[in-house]
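Student: Please pick out a single part of this model and take a close look at it with me. I would like to know what lies around it and how it fits in with the rest.

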Amino acid sequence: MLEMTREEFEELVAEALDRIPPELTRLMDNVAVFVEDEPPADDPELLGLYEGTPLTERGEWYAGVLPDRITIYRGPTLRLCESREEVVAETEVTVVHEIAHHFGIDDERLHALGYG
């Protein structure tokens, strides 16, 4: 498995977030991004997870709720990749994939766009 500290991986996630175009990040609302070492035991290969209510499904009732949560998982990403360059690329794809869920884009469309 490729070695990378938690701090180094968190920095890659931050850099991937910085590469999201500002016109999209301005539209993001009530969402927080986290890094965890491992995903839930029932899905050990999961690279990222979006939990919340996509922007496309929010209505008048949406007020006073906890932020949506995007989690990027370090362990499976490092096990999947063979080089630092692959980790950088995979982290960026995963971050974009989970942010797309925040915007209401489903897995089928993401796979078609190359972010599966």
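Tutor: A residue is called buried here when its relative accessible area is under 20%, exposed when over 50%, and partly exposed in between (1.4 Å probe, protein chains only). This is a predicted model, with residues numbered from 1 along each chain as its sequence is written, local features needing pLDDT of at least 70 and totals for chains, interfaces and linings using all residues. Side-chain values use heavy atoms, without hydrogens or water, and side-chain atom pairs count only at pLDDT 80 or more.

Let's look at helix α4, which spans residues 84-102 and includes Val95 (helices, H or I, have at least four residues and strands, E, at least two, as DSSP runs numbered from the N terminus). Thr94 belongs to α4, and with a relative accessible area of 6% Thr94 is buried. Beyond its neighbours within four places in sequence, Thr94 is in contact (heavy atoms within 4.5 Å) with Leu47, Gly48 and Ile72.

Move on to Val95, and you find another buried residue, at 2% relative accessible area. Ile72 turns up again among the contacts of Val95, this time with Val13, Ala16 and Leu17, once neighbours within four places are set aside. Val13, Ala16 and Leu17 are part of helix α1 and help it meet α4. Thr56, by contrast, is 39 residues from Val95 in sequence and 19 Å away in space, C-alpha to C-alpha.

Val88 sits in α4 as well, but at 26% relative accessible area Val88 is partly exposed. Leaving out residues up to four places away in sequence, Val88 touches Leu12 and Arg19. Between the C-alpha atoms of Val88 and Phe9 there are 8.8 Å, although 79 residues separate the two along the chain.

Those contacts bring us to the packing of the two helices. The axes of α1 (residues 6-18) and α4 come within 9 Å and cross at roughly 55 degrees (axes are lines fitted to C-alpha atoms, for helices over the stretch in contact, with angles from 0 to 180 degrees between N-to-C directions). The two helices are therefore oblique to each other (under 35 degrees is roughly parallel, over 145 roughly antiparallel, 65 to 115 roughly perpendicular, and the rest oblique). From α1, the residues Glu8, Phe9, Leu12, Val13, Ala16 and Leu17 take part, and from α4 they meet Arg84, Val87, Val88, Thr91, Glu92, Val95 and Ile99. Sorted by type, the residues of this contact are nine nonpolar, one polar and three charged (Ala, Val, Leu, Ile, Met, Phe, Trp, Tyr, Cys and Pro count as nonpolar, Asp, Glu, Lys and Arg as charged, and the others, Gly among them, as polar).

For contrast, step away from the helix to two loops. Asn30 is in the loop between α2 (22-25) and β1 (31-36), where it is partly exposed at 27% relative accessible area. The phi of Asn30 is near 55 degrees, a positive value in a residue other than glycine. Most residues other than glycine have a negative phi. Gly64, in the loop between β2 (48-51) and β3 (68-73), counts as exposed at 87% relative accessibility. Gly64 and Asn30 are 34 residues apart in sequence, while their C-alpha atoms are 10.0 Å apart in space.

To return to the helix: Thr94 and Val95 are buried, whereas Val88 is partly exposed.
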